[in-house]
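Student: Could you take a close look at one charged side chain for me, and then work outward to the rest of the model?

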Amino acid sequence: MKELAKQYNPFEIEAKWQERWAKEPFAAKAQSDKEPFCIVIPPPNVTGNLHLGHAFDNAIIDTLIRFKRMQGYETLFQPGTDHAGISTQIQVEKALGQEGLSKYDLGREAFLARVWNWKETYGDIILEQLQRLGVSADWSRTRFTMDEGLSKAVRYQFVKLYQQGLVYRGERIVNWDPLSQTTLSDLEVDREERPGKLYTLAYELADGGAIRIATVRPETIFADQAIAVHPEDKRFKHLVGKTARIPLTNRWIPIITDEAVELDFGTGALKITPAHDPTDFEIGERHNLAMPSIIDLQAKLFSELVPERFRGKDRFAVRPEVVEALKQDGSLIETKDHSIALGLSQRTGEPVEPLLSKQWFVRTGEMAQRVLKGLDEGDITIHPERYTKVNRDWLENIRDWNVSRQLWWGHQIPAWYDQEGNIYVPDLDNPELDPPNDPRYAGIELSQDPDVFDTWFSSNLWPFSTLGWPDADDAFYQKFYPTSVLVTGYDILFFWVARMEMAGYQFTGQAPFKDVFLHGLVLDEKGQKMSKSKGNGIDPLDVIDQYGADALRFAMTYASTGGQDIRWDQRRVEMGRNFNNKLWNATRFAFMNLGADNSAPIDASSSATSYHKPETLADRWILSRLQYAVKEVTAQLEAYDLGLANRALYDFVWSEFCDWYLEAAKPSLREGNAQTRHVLRHVLTSILKLLHPLIPFITSELYEALANEEQLGWASWPEVDAELVDKEAEQAFAHLQNAVRAARNLRVEASIAPSQTIPVYLAGSAAAPIGGEAEVFESLARATLVSEISGVALSQVAPELEIRLPLEGLIDVEEWRAKQEKRLKELLANRLKSEKKLANPKFVANAPETVVAEEKRRLNEASELIKGLEASLKQIS
C-alpha cells in the first residue's frame with residue numbers, strides 16, 4: 001500500500017487525476033454488449049466561462065454517469081459546445097470595434113473567418129474548466145453545433161420540415177433587439193419589473209361621448225386598428241359595432257369583442273395594435289385587421305400614420321411628447337404609477353421591441369400534439385413530477401416558432417430566392433445540393449437568404465445529432481439513442497427540453513430521452529438570481545482554487561433535492577472540505593492498521609465473509625450498517641435524489657464508520673485480529689466506491705493507494721449482501737452506544753476532564769452484553785466498568801439500561817454542589833430576564849427579527865440547562 005501524506009492536498013491530487021481523465025477519457029464502446037446509459041451535456045456556449053449553473057448541471061450528470069458505469073452499464077457522457085449565435089458574434093464585433101472596424105468593413109466571409117479563429121482560440125476553455133470539475137465525459141467524442149456532422153443535421157431538419165409544409169416564411173410578431181439588429185427567442189429575453197405609468201385615454205365615439213382605454217405605450221396609438229372588449233362585459237355591450245377616433249388623428253376604428261381581453265385590466269377596453277403586441281397580433285388575425293407598423297428596426301417612429309412632429313424619434317424619447325400632446329388635446333384622462341414587466345435582451349440589455357416582421361417559422365402544433373401523446377403513454381418521466389403539468393401546459397398553448405435570426409454567425413438558412421421572390425430549397429433526397437448548383441435551375445439567378453437559424457434550431461437536435469443522426473445506421477446512434485436521462489435547470493423546460501421532445505418524435509419517431517431530471521437554480525445568499533449586473537455571482541473556479549473540486553461537488557450534490565432553488569452557502573463547501581479531510585485521516589488510520597498481509601487489492605468478487613465469519617460485535621455491526629448504506633444510497637441515486645444519497649453517505653462515513661467503528665475496532669486491531677483488518681479494508685473499499693460518483697478525485701487517489709491497479713471509475717458498484725444484515729448485532733451495538741453517550745454526558749455534568757478515566761456502573765438487562773464488550777466500552781468512554789458502587793452518584797437512563805457515575809473520590813461533592821447551585825441561580829436570573837423581554841409587546845414589535853429570535857433561543861437554552869442542573873442536584877441531595 002502507498003503511504004499517505006499527513007494532510008490531504010486536494011490541489012495536487014485533483015491536478016493528477018484531471019490530467020489522466022483528459023488523456024484517458026472514459027470512452028464509450030458502441031459495440032459493447034452492456035446495457036447502454038447515455039446523458040448528453042447541456043451544451044455550454046463557446047463564449048462562456050464555467051458558472052455555478054454549469055457546475056450544478058455537470059456535478060449531477062457526472063454523479064449519475066459514474067454511478068451507472070460502476071453498475072456495469074456502457075455509459076456515454078456526451079460532451080460538446082453550442083455556437084451561441086448572438087453572444088459569439090457580439091464578442092467578435094467588440095474585438096473588431098477596438099480595432100476601429102465593423103463587420104461590414106470585413107464583409108461576411110472575412111468576418112466569419114475571424115469568428116472561427118476566435119472559436120479555435122477560446123472555444124475549448126469551458127471544456128477545460130469542466131475537466132477541473134472532474135467530469136468523466138468521453139472527450140474523444142466532443143461535438144460542436146456547427147461542426148460538419150451537426151451542420152448536416154440542421155440542414156436536413158430544415159429541408160424535411162419544408163418539404164412537409166411545417167416550416168414557412170411569413171409575417172408575425174417577433175422579439176426585436178434594436179441594438180444587435182436581430183430577432184431573439186423568448187429564452188434570450190429577460191423580464192424585469194420596472195416602474196412605469198398607466199395612461200387612461202379617451203377615444204371619441206362617432207355618435208358622441210367617449211370610450212376609455214388604458215395603455216402603458218401611448219406612442220403606439222397611431223398603429224391602432226380596433227378597440228376590443230370582452231364579450232361578457234356588460235359595460236360595453238351597447239358600444240360593440242360602433243367606431244371611435246384615435247386621439248391626435250382623424251382615423252376611426254371599430255369596437256369589437258374578443259375573449260382575450262382581461263376584464264379587470266385598466267378600464268376593460270383594450271386598444272388593438274396588431275403590429276406591436278403579440279396578443280394584439282392574435283386578436284388582429286382572428287378579426288382580419290390590418291397590421292401597419294409604425295416603429296422601425298432602429299426603434300424609431302415612422303410611417304405616414306404618425307403625425308410628422310413625432311417621426312424619426314426614439315420610442316422612449318417620444319413618449320413624453322405624445323403624452324403632452326394627448327394632455328393638450330384633452331384625450332389624457334389619468335396617469336398613474338404602474339409596474340411594467342419590461343423585456344430586455346439578455347445579450348445587450350436593450351429593451352426588446354415586439355415587431356411585425358417577415359421571418360421563417362416552424363409550425364409546432366402537430367409536433368406538440370405528438371409529444372403530448374407520448375407523455376400520455378408514459379414515454380417520458382419528468383422529475384420532479386410537478387413539472388409534468390408545466391410541460392404539458394406549454395405544449396398545449398404553443399405558438400409557431402420563429403427560427404430565423406439577422407446574424408452572420410450561425411447556420412445560414414438553406415433557402416434561395418429568384419428575382420420574383422420564389423423560394424428554392426434543396427430536395428430531401430439530396431439536401432447538400434444547393435439550388436444554384438442544381439442543373440434544374442440553371443440560368444436562374446438565385447440569392448441565398450442572408451439570415452441564420454436560431455441557436456435552438458440546432459440544439460433541439462442535440463440528443464441524436466451528436467450520436468450521428470441523420471445517419472440512422474451510425475453505431476453510436478444505434479447503441480445510445482434514445483438517451484437515458486436529460487439533466488438541466490427547470491428554467492429552460494420550455495425553450496430547450498420541449499423543443500428536443502418535439503424534434504425527437506418528429507425525426508426519430510420516439511422520445512429523445514426516457515427521463516428528464518430538472519434541478520433548481522443556484523441563487524445568491526439572499527435568494528436572488530445571480531447576474532453580472534448585480535455583482536452577486538460566484539465563480540466556481542475561485543471556489544475550486546480555494547477548496548478543491550471535490551468540496552464543490554459535495555456542496556452541489558448535497559443541495560440537490562426536489563428540484564428546488566438553492567441559496568449559495570459557502571458553509572456547504574467547507575462542510576465538503578472537512579468531510580474530505582475526515583475521509584483522508586480515517587484512511588490513513590486504516591492504512592496504519594491493515595498490515596502487509598492485507599495489502600492485496602480487493603476485486604469485485606471479494607466480500608467481508610471471504611476470510612471467515614466476523615466475530616467481534618463492532619465488525620458484525622459495521623458490516624450490517626454497510627448493507628443499509630449500500631441499499632439506501634443506491635435507491636436514492638436511482639431516484640435521482642442526489643441530496644439524500646449525499647446525506648446518507650455523510651452520516652454513515654462520518655458518524656458510524658469514523659466516530660464509532662474505527663474507535664470500537666481499536667482494541668481488536670491492537671491485538672492483531674486479521675479478520676478485523678479484513679473487515680476494515682472491505683468497508684473502507686466499499687465506502688470509496690459509494691462516494692466515488694460524488695467526490696471522484698479523493699476516492700480515486702485513496703483507492704489507488706490501496707494497491708488497486710484498475711482505477712476506481714471502472715470498479716464494480718457495491719451490492720447488498722443479505723447474509724451480513726445482523727439485527728442482533730445492531731441492537732447490541734445500539735445499547736453500547738447508549739451507554740457510551742450516557743457516560744460522556746455524566747462526565748460533562750460532573751465537570752470531569754475528558755482525559756480522566758472514570759468508574760461506571762451499569763444496571764439493567766443490557767448491562768451484561770455490554771460487559772462482554774468491556775474493552776470496547778472502556779476505550780470509547782474512557783471509563784472502567786465497576787461491579788458495585790456506594791455513596792453519591794449521578795445517573796442516566798437508556799432503554800434496558802441505567803448508567804451510574806459514582807462521585808466519591810472523583811470530585812469534591814460539596815464544592816461541585818455549590819458551583820452548580822451558583823450556576824443554577826445565574827441561569828434562573830437570565831431566564832427571568834429573557835421572559836420579561838419577550839413579554840414586553842414593544843420589544844417584540846420593534847426589535848429586529850434576529851434580535852427577538854436570539855432572545856427566544858437564550859430562553860430555551862436557559863430552560864434546558866436549568867432542567868438538567870435541577871435533575872443533577874436532586875440526584876445527590
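Tutor: Happy to. Let's begin with Asp 427, which is partly exposed because its relative accessible area of 27% falls between the 20% and 50% cut-offs. Please keep in mind throughout that this is a predicted model. The side chain of Asp 427 meets that of Arg 440 in a salt bridge, with N and O 2.5 Å apart. Each of the two sits in the loop between strand 19 (423–424) and strand 20 (447–448), and 13 residues separate them.

This pair belongs to a long list, for a search of the whole structure finds 48 salt bridges. In general, side chains of opposite charge can pair when their charged atoms come close. Another pair to look at is Arg 858 with Glu 854, where the N to O distance is 3.5 Å. Both residues belong to helix 28 (residues 849–876), four residues apart, which is about one turn of the helix. Arg 858 has a relative accessible area of 42%, so it is partly exposed. Glu 854, at 27%, therefore also counts as partly exposed.

What joins Arg 217, Glu 219, Arg 315, Arg 319, Glu 350 and Glu 353 into one network? Salt bridges that share partners do. Within that group, Arg 217 pairs with Glu 219, and their closest N and O atoms are 3.1 Å apart. Arg 217 counts as buried because its relative accessibility is 17%, under the 20% cut-off. Glu 219 is buried too, because its relative accessibility is 0%.

From charged groups we can turn to nonpolar ones. In soluble globular proteins, nonpolar side chains tend to be buried together. Here the largest nonpolar core holds 196 residues, and the members that touch the most others are Phe 657, Tyr 661 and Phe 777. Helix 20 (residues 642–670) supplies the largest share of this core, 14 residues. Leaving out residues up to four places away in sequence, Phe 657 touches Ala 586, Ile 622, Phe 652, Leu 662, Leu 680, Val 683, Leu 684 and Ile 687. Another core lies apart from this one; it has 32 residues, including Tyr 199, Ala 223, Phe 310 and Val 318.

Now for two of the sheets. One is an open sheet of four strands in the order 6-5-14-16, paired in the antiparallel sense. Strand 6 (182–184) and strand 16 (401–402) are at its edges; each has a single partner strand, so one side of each is left without a neighbour in the sheet. Three antiparallel bridges pair strand 6 with strand 5 (residues 167–177), and Trp 176 stands opposite Thr 183 in strand 6.

The other open sheet also has four strands, in the order 27-26-29-28, but here the pairing is mixed. Its edges are strand 27 (783–785) and strand 28 (793–798), each paired on one side only. From one strand to the next, the twist averages 30 degrees. Strand 26 (residues 758–763) pairs with strand 29 (residues 801–806) in the antiparallel sense through three bridges; Ala 763 has Glu 802 in strand 29 as its bridge partner. Helix 23 (residues 727–749) packs on this sheet, where it touches strand 26, strand 28 and strand 29, and its direction makes about 30 degrees with that of strand 29.

Helix 23 also leads us to some backbone details. Most residues other than glycine have a negative phi, and most peptide bonds are trans. Ser 751, in the loop between helix 23 and strand 26, has a positive phi near 55 degrees. Ser 751 is exposed, because its relative accessible area is 53%. On the other side of helix 23, Ala 707 is placed in the loop between helix 22 (696–705) and helix 23. Its phi is positive as well, about 70 degrees, and at 28% relative accessibility Ala 707 counts as partly exposed.

Two cis peptide bonds round off the tour. Trp 469 and Pro 470 are joined by one, with omega about 15 degrees, and Pro 470 lies in the loop between helix 13 (462–465) and helix 14 (475–480). Between Tyr 481 and Pro 482 the bond is cis with omega near 0 degrees; Pro 482 is found in the loop between helix 14 and strand 22 (483–489).

Note on methods:
Residues numbered from 1 in each chain as written. Predicted model: local features only at pLDDT ≥ 70, side-chain atom pairs only at ≥ 80, totals over all residues. Heavy atoms only, no water. Pairing = 2+ DSSP bridges. Axes fitted to C-alpha atoms, helices over the stretch in contact; angles between N-to-C directions. Contact = heavy atoms within 4.5 Å. Core = buried A, V, L, I, M, F, W, Y, C linked by side-chain atoms within 4.5 Å. Buried < 20%, exposed > 50% of the residue type's maximum accessible area, 1.4 Å probe, protein only. Salt bridge = Lys/Arg side-chain N within 4 Å of Asp/Glu carboxyl O.
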